[in-house]
Amino acid sequence: MTIALASNDGAVGTPVGRKMLEVRNVHKHFGSVVALDGVSISVEEGKVAAIVGDNGAGKSTLVKILTGVHQPTSGEIFFDGRPATLRSPDDARRIGVETLFQDLALVDDLTIWQNLFLGRELTWGGPLSITRKRAMAAQARTMLAGLQINIPSINARVRQLSGGQRQAVAISRAVGWNAKLTIMDEPTAALGVRERLEVEGLIDRLRQQGRTFLLISHNFDQVMRLSNEIWIMRNGHVVGHRRTSETSGEELVALITGAKS
Ligand SMILES: Nc1ncnc2c1ncn2[C@@H]1O[C@H](COP(=O)(O)OP(=O)(O)OP(=O)(O)O)[C@@H](O)[C@H]1O
Ligand SMILES: [Mg+2]
């Protein structure tokens, strides 16, 4: 199915895929602070959409609305074709929105497979059942093997992993449970160059498997490498929308700073 692009796109009329997420005219006020002032964006199924914008543009506020942490002051959210009301992070997770926050939220002293199952342990067989543990470890192994993630062993403690390996486990956990949309707010900010490239490779493979991502990043090179489309935010507004193949880092900087509109 194809539908026309929204009118704020430079390439009006170009056919696009099915929308997994559509945010329509969302406002968010914190007292007298207007963090979001009529924001509309969408994310196509099986694609990576990026949001770029300067500090304070409203990116994290939008993420928090999409993950049920904040409620919008007004506006609408459609997820997978249906109106979505997200009153809590559990609501968001239930409809298939997973989020990777900057603080990795892995537990150092648990193994990789235990971290993958954190908060969603298989419940049959009693808490200490060996069969149940084996089943979780086996599922975890299958999940990571499918993603070609380079880790020592499913039984290794997360404490032993490098930053890139940890982030790979966190991303796998976020996408690995039938997430329909995975939101990543600065997923590689804390990583070195080689680790960042490994994590980007993983995101790219997941996209090739049909996964859908919303990526918030200050790293323009990364946005240019990974995304299919880019939404540019400034002062609580969307000031631009580009296909990644039709823009450049220079144009993004100009849009973000207001040198170009
Ligand atoms: N809980 C809050 N209470 C009051 N104001 C807030 C709150 N959260 C965000 N804001 C304000 O809303 C605006 C947008 O903030 P937000 O964190 O969404 O920006 P951002 O684009 O994520 O910036 P950065 O790139 O620095 O992460 C800022 O002016 C910020 O001070
Ligand atoms: Mg932020």
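The legends below describe close-up views of a predicted model, beginning with the ligand and moving on to the two sheets.

**View 1. The residues that surround ligand 1 in the predicted model.**
The shell around ligand 1 is made up of F30, A35, D54, N55, G56, A57, G58, K59, S60, T61 and H218. When these residues are sorted by character, three are nonpolar, six are polar and two are charged. Among the elements of the fold, helix α1, which covers residues 59-66, gives the most to this shell, with three residues.

**View 2. Polar atoms of N55, A57 and K59 beside oxygen atoms of ligand 1.**
In the side chain of N55, a polar atom lies 2.9 Å from an oxygen atom of the ligand. For A57 the polar atom belongs to the backbone, and the distance to an oxygen atom of ligand 1 is 3.2 Å. The side chain of K59 places an N or O atom 2.7 Å from an oxygen atom of ligand 1. Taken alone, ligand 1 would expose 630 Å², and the protein buries 60% of that area.

**View 3. An open antiparallel sheet of four strands.**
Read across the sheet, the strands follow the order β4-β3-β6-β7, and their pairing is antiparallel. Strands β4 (33-44) and β7 (82-83) stand at the edges with a single partner strand each, so one side of each is left without a neighbour in the sheet. Helix α1 packs on this sheet, where the helix touches β3, β4 and β6, and its direction makes about 115° with that of β3.

**View 4. Strand β3 between its partners β4 and β6.**
Towards β4, strand β3 runs antiparallel and is joined by nine bridges, and in this pairing L21 stands opposite V43 of β4. Towards β6 (residues 74-79), strand β3 (residues 19-30) is again antiparallel, here with five bridges. L21 has F79 as its bridge partner in β6, while V23 has I77 as its bridge partner in that strand.

**View 5. Two hairpins of the four-stranded sheet.**
What lies between the strands in the hairpin of β3 and β4, and which residue there takes a positive phi? Two residues separate these strands, and G31 takes a positive phi near 60°. The hairpin of β6 and β7 also has two residues between its strands, and D80 in the turn has a positive phi of about 50°. Strands β6 and β7 pair in the antiparallel sense over two bridges, with F78 standing opposite P83 in β7.

**View 6. An open sheet of six strands with mixed pairing.**
The order of the strands across this sheet is β8-β9-β10-β5-β11-β12, and the pairing is mixed. At the edges are β8 (97-100) and β12 (237-243), each of which pairs on one side only. With direction ignored, neighbouring strands of this sheet are turned by 20° against each other on average.

**View 7. The pairing of β5 with β10, and helix α5 across the sheet.**
Strand β5 (residues 48-53) pairs with strand β10 (residues 213-216) in the parallel sense over four bridges, and I51 has I216 as its bridge partner in β10. Helix α5, made of residues 163-175, lies across β8, β9 (181-185) and β10, and the helix runs at about 165° to β8.

How values were computed: Residues numbered from 1 in each chain as written. Chains lettered and ligands numbered in written order. Predicted model: local features only at pLDDT ≥ 70, side-chain atom pairs only at ≥ 80, totals over all residues. Heavy atoms only, no water. Near = heavy atom within 4 Å. Polar contact = N/O pair within 3.5 Å; in protein donor to acceptor, adjacent residues only side chain to side chain. Areas by Shrake-Rupley, 256 points an atom, 1.4 Å probe, with all protein chains shown as cover. Nonpolar A, V, L, I, M, F, W, Y, C, P; charged D, E, K, R; others polar. Pairing = 2+ DSSP bridges. Contact = heavy atoms within 4.5 Å. Axes fitted to C-alpha atoms, helices over the stretch in contact; angles between N-to-C directions.
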